[in-house]
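Work through the exercises below with the sequence and the model side by side. Try each task before reading its solution.

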Amino acid sequence: WTQSMLYVCQALSALVDRFCNELADASDISQAMMRWNTLQAVLLKSSCTIERSFISMLIAVAFAVPMMLGDFMTLGARWQSLPAILPGVLTLALFVRIFVVAASITDK
């Protein structure tokens with residue numbers, strides 16, 4: 001689920017990069033404008049499609065952080081508590097990576 005969202009975001013980022021590279025070499029601006037409109041339509045459609053997945057990821061993160069803090073407070077800051085906290089930390093790291101990749105699309 002999260003991997004597919006990461007792949008979609010990376011593919012969209014690659015599409016924008018390719019368009020920018022082709023724009024530098026383009027001689028016909030009207031053709032480039034038509035390609036940009038097509039790319040905008042693809043970006044809009046794909047963002048509308050994966051929007052609910054991002055919302056559900058935000059909800060999962062909103063519940064995961066208090067649970068991880070509760071585990072940390074209950075188990076304490078010992079090496080024995082690491083196996084209980086590590087899956088949540090890795091999941092949050094993956095979510096942050098997905099959000100950074102998604103944000104990088106709009107940053108271009």
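Four exercises follow, each with a worked solution.

This is a predicted model, in which local features need pLDDT of at least 70, side-chain atom pairs count only at pLDDT 80 or more, and totals for chains, interfaces and linings use all residues. Residues are numbered from 1 along each chain as its sequence is written, and side-chain values use heavy atoms, with hydrogens and water left out.

**Exercise 1. The core**

Find which residues have the most contacts inside the largest nonpolar core, and which helices supply it.

Solution. Start with the term. A nonpolar core is a set of buried Ala, Val, Leu, Ile, Met, Phe, Trp, Tyr and Cys residues joined through side-chain atoms within 4.5 Å. Buried means under 20% relative accessible area, exposed over 50%, and partly exposed in between (1.4 Å probe, protein chains only). The largest such core has 18 residues. Cys-9, Leu-43, Phe-54, Met-57, Ile-98 and Ile-105 have the most contacts inside it. Next, place the helices, which are DSSP runs (H or I, at least four residues) numbered from the N terminus. H1 (2–25), H2 (29–75) and H3 (82–107) each supply at least two residues of this core.

**Exercise 2. One core residue**

List what Cys-9 touches beyond its neighbours within four places in sequence.

Solution. Contact means heavy atoms within 4.5 Å. With those neighbours set aside, Cys-9 is in contact with Ile-50, Phe-54, Val-101, Ala-102 and Ile-105.

**Exercise 3. Two helix pairs**

Describe how H1 packs on H3, then on H2.

Solution. Axes are lines fitted to C-alpha atoms, for helices over the stretch in contact, and angles run from 0 to 180 degrees between N-to-C directions. Take H3 first. The axes of H1 and H3 come within 9 Å and cross at roughly 20°. H1 is therefore roughly parallel to H3 (angles under 35 degrees count as roughly parallel, over 145 as roughly antiparallel, 65 to 115 as roughly perpendicular and the rest as oblique). Residues making this contact include Leu-6 of H1 and Leu-94 of H3. Now take H2. The axes of H1 and H2 come within 11 Å and cross at roughly 165°. So H1 is roughly antiparallel to H2. Among the residues in this contact are Phe-19 of H1 and Trp-36 of H2.

**Exercise 4. A serine in H1**

Decide whether Ser-4 is buried, exposed or partly exposed.

Solution. Locate Ser-4 in helix H1. Its relative accessible area is 39%, so Ser-4 is partly exposed. Finally, check a distance: the C-alpha atoms of Ser-4 and Ser-81 are separated by 31 Å, and these residues are 77 apart along the chain.
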